[in-house]
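Subject: Structure handover

Hello,

Here is the structure I promised to pass on. Please open it alongside this note.

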Amino acid sequence: MSTPLAVVAVGGNALILDERRNSIPDQYAAVMESVKHITDMVEAGWNIVLTHGNGPQVGFILRRSELASGEISPVPLDYAVGDTQGAIGYMFQKALHNELARRGIHKPVATLVTQTRVSLHDDAFTNPSKPIGAFLDEATARERQQQLGWTLMEDAGRGWRRTVPSPAPLEILESATIAQLLQQGYIVIACGGGGIPVVRDEQQQLTGVEAVIDKDLASALLASQLGADLLVIPTGVEKVAIHFGTPQQQWLDTLSVAQAQKLLQEGQFGVGSMQPKVEAILDFVNASRQQGKNAHGLITSPQAIKAALAHQSGTWITP
């Protein structure tokens, strides 16, 4: 493709402003705000693949399923991930269509149900560590643990959440289809919730598994498979910081791969917040370098994307 390609990975938590604003209309309002900044990238000449998380939303689906279990069959976790791909993809597809039309940009948008291959032997299946659903106080979380057999974790000081297995992504199965859509001029929404986790049996048949894949790691893998030039991970701050929240806090403009790896080893990035984002970008930049590409990663807030692309904000991670 003659124009550069960016994979933009929007978090599912970014659509939940707070516990009082988690309805579908509230989430769509957040999507419309995010889409303004993504459309800025389109105007600047980027081809876009948009990925998204689903942590809160897949938890909501499972909770509804539990509450209705006396009347209808429960929803398996892989199907719940598929549900979120459709619902969140629909929100982004509609919002992008409207924003592009408002700016007079004629570019089609498509949402693709995406499967991600994992290994059934991944240690994650014996160590559920991916938080999903709403933030709960400890008493409520413990009560549901007793009643429903949940595993739990305290999530970055914000409350307690249910945890599920999160195996490493090995292959985005629809990456060739995504590439074809890009060549036809589409903005593609794909790999929602990290992709629906599937395994192959000895006959190469696909089977869904009960898990949720980290959307940043899956987005990095997709970006590598597509040969993307840039992986953008929007987050709640404009830049990455070291010594975050202390008097020694320092915002970072640019990091080399070696510098980022050193800071990771020092524990400078929050385990449940910035660390997985930096790790995902390192995976992408290193994989791209092995492919002979000079790709980059960018971490910034949605509102600062336009300025960050002009190197006036954000934290860039370079080879």
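Below is what turned up in it.

This is a predicted model, in which local features need pLDDT of at least 70 and side-chain atom pairs count only at pLDDT 80 or more, while totals for chains, interfaces and linings use all residues. Residues are numbered from 1 along each chain as its sequence is written, and side-chain values use heavy atoms, with hydrogens and water left out.

Start with the largest nonpolar core (buried Ala, Val, Leu, Ile, Met, Phe, Trp, Tyr and Cys residues joined through side-chain atoms within 4.5 Å). It has 44 residues. V49, I178, F269, V278 and F284 have the most contacts inside it. Helix 8 (274-290) is among the elements that supply at least two residues each. Its share is the largest, at seven residues. Helices here are DSSP runs of H or I, at least four residues, and strands are runs of E, at least two, numbered from the N terminus.

V278 is in contact (heavy atoms within 4.5 Å) with A260, L264, F269, I299 and I317, leaving aside neighbours within four places in sequence. A second, separate core has 30 residues, including V42 and W316.

Next, helix 5 (175-183). Its buried residues (under 20% relative accessible area, 1.4 Å probe, protein chains only) are S175, I178, L181 and L182. Just after helix 5, G185 takes a positive phi of about 95°.

Last, T300 in strand 16 (residues 296-300). T300 counts as buried because its relative accessibility is 0%. Its side chain reaches the backbone oxygen of E238 at 2.9 Å.

Best wishes

Methods. Buried < 20%, exposed > 50% of the residue type's maximum accessible area, 1.4 Å probe, protein only. Polar contact = N/O pair within 3.5 Å; in protein donor to acceptor, adjacent residues only side chain to side chain.
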